[in-house]
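Biologist: Let's go through this model term by term. For each label, I want the value and the cut-off behind it.

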Amino acid sequence: MRLARQISMVASLAAVALLAGCRQDMHNQPKFIPQRGTTFYADGRSVRPQVENTVARGQLHEDEYFYTGLVAGKEGDMMPFPVTMQVLERGQERFNIYCAPCHSRVGNGQGMIVQRGYKVAANFHDAKRMAQPIGHYFNVMSHGYGSMPDYAAQVPVVDRWAIAAYIRALQLSQAAQASDVPAGQHVEKLSDIATDEGLPASFAGEWTLPATALSEMMNGSAAGAGSSTPVGPTMPKESTSNRATGKTGSGNAGQAVPPPASVPPSRQ
Ligand code: HEC
């Protein structure tokens with residue numbers, strides 16, 4: 001019994017010694033160690049230089065317009081791929097997730113976050129935004145705008161375009177003419193629908209700017225006064241000098257609600 005135990009102990013010691021020897025052999029095989037020189041290559045470098053014109057996997061952005069929304073440095077006014085119902089539905093879904101909290105589901109810039117004190121977000125139905133090229137929406141989502149952070153990290157390139165297309169549809173929904181729909185179909189005004197449904201006249205009107213919204217305080221009216229300043233003419237002045245910096249104009253200094261920090265641009 002005792003002998004057996006001694007034998008097994010010797011055997012296991014031998015096994016350990018054997019394995020250690022093995023490991024040493026593997027350890028000492030010729031190989032490159034990062035940042036250490038080698039005599040194998042003539043230039044003495046173990047780290048090989050990149051082959052010229054190499055493009056990392058997934059980073060060949062051949063379709064420049066798709067990735068930038070720019071044509072020769074200017075915002076373009078076309079979609080980089082055909083707009084189908086599927087694209088619009090995807091855009092609607094993504095818009096309602098990522099944009100509606102500030103811009104509201106109808107896109108008038110008075111979402112819930114604005115009602116809680118954030119700077120009034122842009123109204124997509126005012127003349128200025130209606131006239132902007134679709135590449136502008138893509139650009140704003142990619143790089144942010146004034147106090148609006150960018151959404152490049154949250155919204156992939158293809159979804160940014162889908163959202164841009166949906167914003168165009170939203171705009172059309174508020175300004176459609178009979179000539180915009182196929183013959184025989186009819187366009188109804190929201191105010192008429194409200195009347196038919198027995199809703200109050202205010203249903204189709206402008207939303208009143210929430211008393212908590214930042215732009216009202218910036219305009220000098222008393223905060224919390226509950227005034228009924230309409231959106232549009234009282235939209236905050238754009239600060240052109242510090243776009244995409246995540247800062248608002250100097251008029252915003254010392255406000256209680258700081259603008260959110262910008263998210264780092266994605267490598268999409
Ligand atoms: C956290 C709130 C917030 C969210 C979320 C948000 N925005 Fe904005 N957005 C703003 C604010 C505030 C402004 C006005 C910025 C300014 O003038 O400084 C703005 C402005 C804009 C403008 C107008 C730029 C111009 O030329 O006037 C566009 C377009 C826009 N947003 C698109 C979007 C889209 C698309 C999304 C969703 C991916 C989105 N925003 C999500 C707050 C937001």
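Modeller: Start with contacts. Among contacts between residues at least 6 apart in sequence, 56% join residues at least 24 apart. Two residues are in contact if their C-beta atoms, placed from the backbone, lie within 7 Å. This is a predicted model; local features need pLDDT of at least 70, side-chain atom pairs count only at pLDDT 80 or more, and totals for chains, interfaces and linings use all residues. Residues are numbered from 1 along each chain as its sequence is written.

Biologist: What is the mean pLDDT of the protein?

Modeller: The mean is 79, and 75% of the residues reach 70 or more. pLDDT is the predictor's confidence in each residue, from 0 to 100. Among the elements, helix α3 (residues 85-98) has the highest mean, 98, and helix α10 (residues 214-218) the lowest, 60. Over residues 220-268, pLDDT stays under 50.

Biologist: How many helices and strands are there?

Modeller: The protein has 10 helices and 2 strands. Helices (H or I, at least four residues) and strands (E, at least two) are DSSP runs, numbered from the N terminus. Along the sequence the pattern is α-α-β-β-α-α-α-α-α-α-α-α.

Biologist: What makes α7 mostly covered?

Modeller: In α7, 8 of the 10 residues are buried. A residue is buried if 20 or more other C-beta atoms lie within 10 Å of its own, exposed if 12 or fewer, and partly exposed in between; C-beta atoms are placed from the backbone. I134, G135, Y137, F138, N139, V140, M141 and S142 are the buried ones. Their cover includes β1 (70-71), β2 (74-75) and α8 (157-175). In the whole protein of 268 residues, 22% count as buried.

Biologist: Why is S104 called buried or exposed?

Modeller: S104 has 21 other C-beta atoms within 10 Å, so it is buried. S104 sits in the loop between α4 and α5 (112-115). Its phi is near 75°, a positive value in a residue other than glycine.

Biologist: And why is A72 called buried or exposed?

Modeller: A72 has 6 C-beta neighbours inside 10 Å, so it counts as exposed. A72 is in the loop between β1 and β2. The phi of A72 is also positive, near 50°. Most residues other than glycine have a negative phi.

Biologist: Which residues have the most contacts inside the largest nonpolar core?

Modeller: They are Y137, M141, I163, A164, Y166 and I167, in a core of 31 residues. The largest share of this core, 9 residues, comes from α8. A nonpolar core is a set of buried Ala, Val, Leu, Ile, Met, Phe, Trp, Tyr and Cys residues joined through C-beta atoms within 7 Å. A164 touches I134, Y137 and F138, leaving aside residues up to four places away in sequence.

Biologist: Which residues come nearest to the ligand?

Modeller: Of the 24 around the ligand, C99, C102, A122, G146 and M148 come nearest. α4 (100-103) and α7 (134-143) each give two or more residues to the shell. A residue is near a molecule if its C-beta atom, placed from the backbone, lies within 6 Å of it.

Biologist: How many of the shell residues are nonpolar, polar and charged?

Modeller: The shell has 17 nonpolar, 5 polar and 2 charged residues. Ala, Val, Leu, Ile, Met, Phe, Trp, Tyr, Cys and Pro count as nonpolar, Asp, Glu, Lys and Arg as charged, and the others, Gly among them, as polar.
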